[in-house]
Amino acid sequence: MYHTTTHNISVTVQPIYLDEQSSPDENYFVWAYNVKIENSGSNTVQLRSRYWKITDARGRVQEVRGPGVVGEQPVLGPGDSFEYTSGTPLPTPSGFMVGTYQMVSESGEQFDVAIPAFSLDSPHEARRVN
């Protein structure tokens, strides 16, 4: 699992390789990732949008921006959490993702919350020890 905290908002990510949805012979590899967002602060916040930077094993980058997550813009009061699962395909057997959530407080202050960089690893990636 991967974890980081920004402005009293904790983000924990657990990636899972989906063998049954992947086709290694066709260079198609799929991962799900479960995300838990927790508000340990004293103010209510709302997740407005997301930004992802997805990098495959060849260094090719895809950027994804959009409103909310999985069609929702959750409101998190003090002590609240929100959990969701999404996914991404890659043309390589490994890669990584990193990003930010754009949040707004009750007072209208906008701020970014870091999503920790996490590794997308499949059993089809050749391992090398240097």
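H7 touches F111 and D112, leaving out residues up to four places away in sequence. This is a predicted model. H7 sits in the loop between β1 (2-6) and β2. L120 is 113 residues from H7 in sequence, and the two C-alpha atoms are 26 Å apart.

## Overall build

The protein has nine strands and zero helices. Read from the N terminus, its elements run β-β-β-β-β-β-β-β-β. The C-alpha trace spans about 50 × 30 × 25 Å along its principal axes. Of the 130 residues, 43% count as buried. Among contacts with a separation of 6 or more, 64% are between residues 24 or more positions apart.

The accessible surface comes to about 7300 Å². Carbon and sulfur atoms hold 44% of that surface. The protein carries 9 positive and 15 negative charges. The mean positions of these two sets lie 8 Å apart.

## The nonpolar core

Which residues have the most contacts inside the largest nonpolar core? They are V35, I37, W52, Y84, Y101, M103 and F118. The core has 26 residues in total. Two or more of its residues come from each of β2 (9-17), β3, β4 (45-56), β7 (81-90), β8 (94-105) and β9 (110-121). In soluble globular proteins, nonpolar side chains tend to be buried together.

Y84 shows what one of these residues meets. Leaving aside neighbours within four places in sequence, Y84 is in contact with Y33, N34, V35, I37, W52, V69, V70 and Y101. Of these partners, V35, I37, W52 and Y101 are also among the core residues with the most contacts.

## Two ends of strand β3

Strand β3 covers residues 29-39. F29 is found in this strand, and so is N39.

Is F29 buried or exposed? F29 counts as buried because its relative accessibility is 3%, under the 20% cut-off. Beyond four places in sequence, F29 touches Y17, S22, P24, T88, P89, L90, P91, T92, P93, S122 and H124. D121 is 92 residues from F29 in sequence, yet their C-alpha atoms are 9.5 Å apart.

N39 is buried too, with a relative accessible area of 3%. The side chain of N39 reaches the backbone nitrogen of G41 at 2.8 Å. Setting aside neighbours within four places in sequence, N39 is in contact with N8, I9, T44, V45, L76, G77, P78, G79 and D80.

## S10 in strand β2

S10 has its place in strand β2. With a relative accessible area of 10%, S10 is buried. Its side chain makes a polar contact with the side chain of T5 at 2.9 Å. T5 is also in the contact list of S10, which leaves out neighbours within four places in sequence. The other residues in that list are H3, T4, K36, I37 and E38.

## Positive phi and loop positions

Most residues other than glycine have a negative phi. Two residues here depart from that sign. N27 has phi near 55°, a positive value in a residue other than glycine. V70 has a positive phi of about 40° although it is not a glycine.

Where do these two residues lie? N27 is found in the loop between β2 and β3. V70 lies in the loop between β5 (61-67) and β6 (75-76). N27 counts as partly exposed because its relative accessibility is 44%, between the 20% and 50% cut-offs. V70 is partly exposed as well, at 44%. V70 is also one of the contacts of Y84.

P123 lies in the segment after β9. P123 counts as exposed because its relative accessibility is 64%, over the 50% cut-off. S23 is 100 residues from P123 in sequence, with the two C-alpha atoms 12 Å apart.

## Sequence-distant pairs

The table collects the C-alpha distances given above.

| Pair | Sequence separation | C-alpha distance |
|---|---|---|
| H7 and L120 | 113 residues | 26 Å |
| F29 and D121 | 92 residues | 9.5 Å |
| P123 and S23 | 100 residues | 12 Å |

How values were computed
Residues numbered from 1 in each chain as written. Predicted model: local features only at pLDDT ≥ 70, side-chain atom pairs only at ≥ 80, totals over all residues. Heavy atoms only, no water. Helix = DSSP H or I, 4+ residues; strand = E, 2+ residues; numbered from the N terminus. Buried < 20%, exposed > 50% of the residue type's maximum accessible area, 1.4 Å probe, protein only. Polar contact = N/O pair within 3.5 Å; in protein donor to acceptor, adjacent residues only side chain to side chain. Contact = heavy atoms within 4.5 Å. Areas by Shrake-Rupley, 256 points an atom, 1.4 Å probe, with all protein chains shown as cover. Lys, Arg positive; Asp, Glu negative; His and termini not counted. Charge placed at Lys NZ, Arg CZ, Asp CG, Glu CD. Core = buried A, V, L, I, M, F, W, Y, C linked by side-chain atoms within 4.5 Å.
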